[in-house]
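Please open the model in your viewer with the chains coloured separately, and follow the selections below in order. Each stop says what to select and then what is to be found there.

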Amino acid sequence: METLTYAYDNLDLIAERAIEHVSIVAVAVSIAVVTAVPIGIAITQSKRVADAVLYLASMMITVPSIALFGLMIPLLSPFGHGIGYVPAVIAIILYSQLPIIRNTYAAIADVDPALREAGIGMGMSSSQRLRQVEIPLAIPVIMAGVRTAAVMNIGVTAIAAYIGAGGLGEFISRGISQSDPRQLITGAVAVSLLAIAVDLLLALVQKLLTSKGLSIGAAA
Amino acid sequence: MNGASAERAWRGRPRPSAGAGRPVRTSRTAALPWLLLAAAVGAWCLSSDMPAEILSYREDIIFLGRQHIELVCWAGSLAILTGLPVGAILSRPAFRRTSEFILQIFNLGTTIPTLAILALSMTILGIGIVPSIFGLWAATLLPIVRNTFTGLRSVPAPLKEAARGMGMTASQVFWRVELPNALFIIFGGIRTALAICVGTAPLAFLIGAGGLGELIFTGIALYDLPMMLAGAISTALLAVLTDFLVGRLQYYLVPRGINPLR
Amino acid sequence: MIRLEHLTKVFGAPGSGVTAVNDVNFEVPAGEICVLLGPSGCGKTTTMKMINRLIEPTGGKVYIDGRDTDMIDPIQLRRSIGYVIQQIGLFPNKTVAENICVVPDLLGWDRKKSRARAAELLEMVAMEPASFMERYPKELSGGQQQRVGVIRALAADPPVMLMDEPFGALDPINREVIQDEFLRMQETLRKTIIFVSHDLDEAVKMADKIAIFRAGRLEQFSTPDRLLANPATPFIETFLGSDRTLKRLRLLRVAEAMLAEVDVVRREDPVEKAGELMRAKGYPAVLMLEPDGRPGGVVSGDVISGGQASARSGTCGDHAEPIRAAVPVEADLHSTVALMFTHDMPIMPCVDEDGQFQGAVTYRSIIKSLSIPETPA
């Protein structure tokens, strides 16, 4: 009850921090899409390169986020951004690479060879095949990767409050340090709801971007 | 929807249950990134006195590292011990109707950030080791349950039918046919889960359970770089090492006939 | 017209590589279907794919309508050749209309023109354009998908088509239906078609020419009938099977085996006359015509040679058994023989579409018609 009162009294602050939170994730995941999707497409050309890139990306994601924040402090301090918004965004970009690269790679590599052959046989150039056939077919899986990345990084951003990046994690960190369950619960619930909301929203986007011809079979 | 949700809460490693997932081969290609890393570390060691300062935290690293590993072991083994049976029970035909619903809830659960789980655990159980283990357990449990469930469910029906047709009892079908064939996917879940567990363990410091997180958070708060790096580097190495070991276990323990990595 | 000259493909390093296609030469006249036939790995698909340069030849030339295909940009070349593959390869993200219009769109046709063309093609395969244009491939049955796959290749009206086991994925019944439909279309379209198949029956049915491959070499190139009558090598003979003569029956029409000048009896003729005809002409039985010119009965040899005294007297009408079957002159000999076996009829009357008697076939006349053709293929 106390928590509800606290939350109600601080709606403005919750909204402000939620926007902060979302903006970090949105900016970083958008940048990650721009880097990871082309990488995922490019590595379909060579199994060896693909293995190496995916291995690197999967090692990256194994590093706990707070450790990654820590490791970036000495690297970014010379530029005056040891803590705060910049390392948070960079960490999320790094973490987002694996799910997006891996899904893009797998989806493009999994395109039915018959479709590729049909495309070549009818005289499509490789960029025409990519645009007209391969990417439209891969979109649902690529979007699933984006979704994974976004949801995962809402959690990472919560921890980024400890390096001064703001966001809803601020409630949790203050709740812990001030032993204030009201802030603690408010933060935990808000960040959870945010993650669920983003997940559902991106599921919707995924559905909208998927060609109708592909979703028919999935529904049937 | 299911394919997409199986993609969620991905932490670290290929999971065969994820439709698009492809095994990432660790051999051969592993050398290059490691060499680069070694070169970078070497250059840094020669150019700075930071390594010596970090090593001055050796005793703290060992003490807190042991705490850290204990937390992970407790939470991880409890999660495996509970997650496997729950996943197996949910996969039984008797739960056909309810399991999809329960799995949906679980999928929703995996979107909840681990920091939030720990925070909620603290509000219920207070501070200390027990709430930490509980929080880590909760965060670790879901991938195990989900992969156990999907692994057992995705055993091809003809295999089960053949087994029944040869006169196996329901429990024989489970132990001799379903479980072995689901093993790779189940192991994938355990691997993901342990990666989450190790990754979340540094946060346990925040609710009073110690561990390597103590060096990182204190180091950040005091802007003590060597202390912070002592924690960050050892946490990162521990996470990479754990994942590597579980990966090897998965490689060797899952029989070749059903192991896409071999 | 398609002409292959010394076409060769070696996979792997020259010298140590595997020769998939070895010095293949043949020419398909415009408007004909040439089936490339052979066991898997014989080089037939590789040969076909060198025509639209999906596989680049190691040596030799391909000419289409006299033009050396090496001189044409491969992308442009492929857009000018219809291509149908076994897996159909309809793009699931595109509607039926978009799929059909892939090549016209690549060629930059006006949208209205290409959509009108799609509708026209759908009508040609009896798929209602209004209800199918905007559907997606997943909403079609297997047979419908296959039809769309074929008309997609026809969209830009290419003079030449390559078809790689185009009906292989269909069940036997649907396959027959689509084969027949395709042959009907081909009668008006007159495309020059290279058709890869491993199914002898399909090849015999579809082909104007059959090219048999073995281990990368062209073993024989001839019309289906000559191939079945005259296998060039023991390998081909084995490949065609011990029943190749029966397969030839499908290619022959009743008219080719029919005895037009066959003697018949009337109902009122004495049965003695039937006996005399059998002895004199060697007929296994004698047909009896009704006054209106339809075959009405048959006096069998048993009646005559049987010892009964009663059999030696009376009219043909008294002794004739009713006719159990008759075949139209345009029927194929395969079904005719089947009827003769089924009804135990050593002589089969042949009729025109009004049921008027035209002649008869006997086992002997059929065997004569199967004798090896004298004219070169």
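## Chains B and A

Begin by selecting chain B together with chain A, where a search across the interface finds zero salt bridges. Bear in mind from this stop onward that the model is predicted. The search for polar contacts across the interface of chain B and chain A likewise ends at zero residue pairs, with both residues of a pair required to be at pLDDT 80 or more. Now show the elements of chain B that carry its side of the interface: helix H2 (31–47), helix H6 (114–125), helix H9 (170–200), helix H10 (213–222) and helix H11 (225–253) each supply at least two residues to the side that touches chain A. Of these, H11(B) gives the most, with ten residues. If you colour the side of chain B that touches chain A by residue class, you should see 34 nonpolar, eight polar and eight charged residues.

With both partners displayed, the contact takes 50 residues of chain B and 52 residues of chain A. Between them, chain B and chain A bury about 4700 Å², and 75% of that area lies on carbon and sulfur atoms. Two pairs of chains touch, and the pair with the most contacts is A and B.

## Inside chain B: H10 and H11

Keep chain B and select H10(B) with H11(B), two helices whose axes are 7 Å apart and which pack at an angle of about 145 degrees. Their crossing is left-handed. To see which residues meet, show B:Leu215, B:Ile216, B:Thr218, B:Gly219 and B:Ile220 on H10(B), and opposite them B:Met227, B:Met228, B:Ala230, B:Gly231, B:Ala232 and B:Thr235 on H11(B). By class, the residues of this contact between H10(B) and H11(B) are seven nonpolar and four polar, with no charged residue.

## Chain A on its own

Next, hide the other chains and look at chain A, which has ten helices and zero strands. Taken along the principal axes, the C-alpha atoms of chain A fill a box of roughly 70 × 45 × 25 Å.

Select helix H2 (residues 11–42) and helix H5 (residues 85–109) of chain A, whose axes come within 7 Å and cross at roughly 40 degrees. Here the crossing of H2(A) and H5(A) is right-handed. The residues of the contact of H2(A) with H5(A) comprise 21 nonpolar and six polar, with no charged residue.

Then move to A:Glu170 and A:Arg174, whose side chains meet in a salt bridge at 3.2 Å, N to O. How far apart along helix H8 (residues 169–177) of chain A are these two residues? They are four residues apart, and therefore about one helical turn separates A:Glu170 from A:Arg174. Searching the whole structure, over all chains, gives 32 salt bridges.

## Chains C and A

Bring chain C back and select it with chain A; this contact takes 23 residues from chain C and 22 residues from chain A. About 2000 Å² is buried between chain C and chain A, 66% of it on carbon and sulfur atoms. Within chain C, pick out C:Phe91, C:Asn93 and C:Lys138, which supply 26% of the area that chain C buries against chain A, more than any other three residues.

What salt bridges does the rule find across the interface of chain C and chain A? There is one, and to view the pair, select A:Glu117 and C:Lys49, whose side chains meet at 3.4 Å, N to O. The count of residue pairs in polar contact between chain C and chain A is eight, with both residues at pLDDT 80 or more. On the side of chain C that touches chain A, the elements giving two or more residues are helix H2 (74–79), strand E6 (81–84) and helix H4 (102–106) of chain C. Coloured by class, that side of chain C shows twelve nonpolar, four polar and seven charged residues.

## Last stop: chains B and C

Finally, select chain B with chain C and hide chain A. No contact joins chain B and chain C, and their closest C-alpha atoms lie 18 Å apart.

Key: Residues are numbered from 1 along each chain as its sequence is written. Chains are lettered from A and ligands numbered from 1 in the order in which they are written. Side-chain values use heavy atoms; hydrogens and water are left out. Contact means heavy atoms within 4.5 Å. Buried area is the accessible area (1.4 Å probe) that two parts lose on being put together, summed over both. A salt bridge is a side-chain nitrogen of Lys or Arg within 4 Å of a carboxyl oxygen of Asp or Glu. A polar contact is a pair of N or O atoms within 3.5 Å; within protein, one must be able to donate a hydrogen and the other to accept it, and residues adjacent in sequence count only if both atoms are side-chain atoms. Ala, Val, Leu, Ile, Met, Phe, Trp, Tyr, Cys and Pro count as nonpolar, Asp, Glu, Lys and Arg as charged, and the others, Gly among them, as polar. Axes are lines fitted to C-alpha atoms, for helices over the stretch in contact, and angles run from 0 to 180 degrees between N-to-C directions. A crossing is left-handed if the near helix is turned anticlockwise from the far one by less than a right angle, and right-handed if clockwise.
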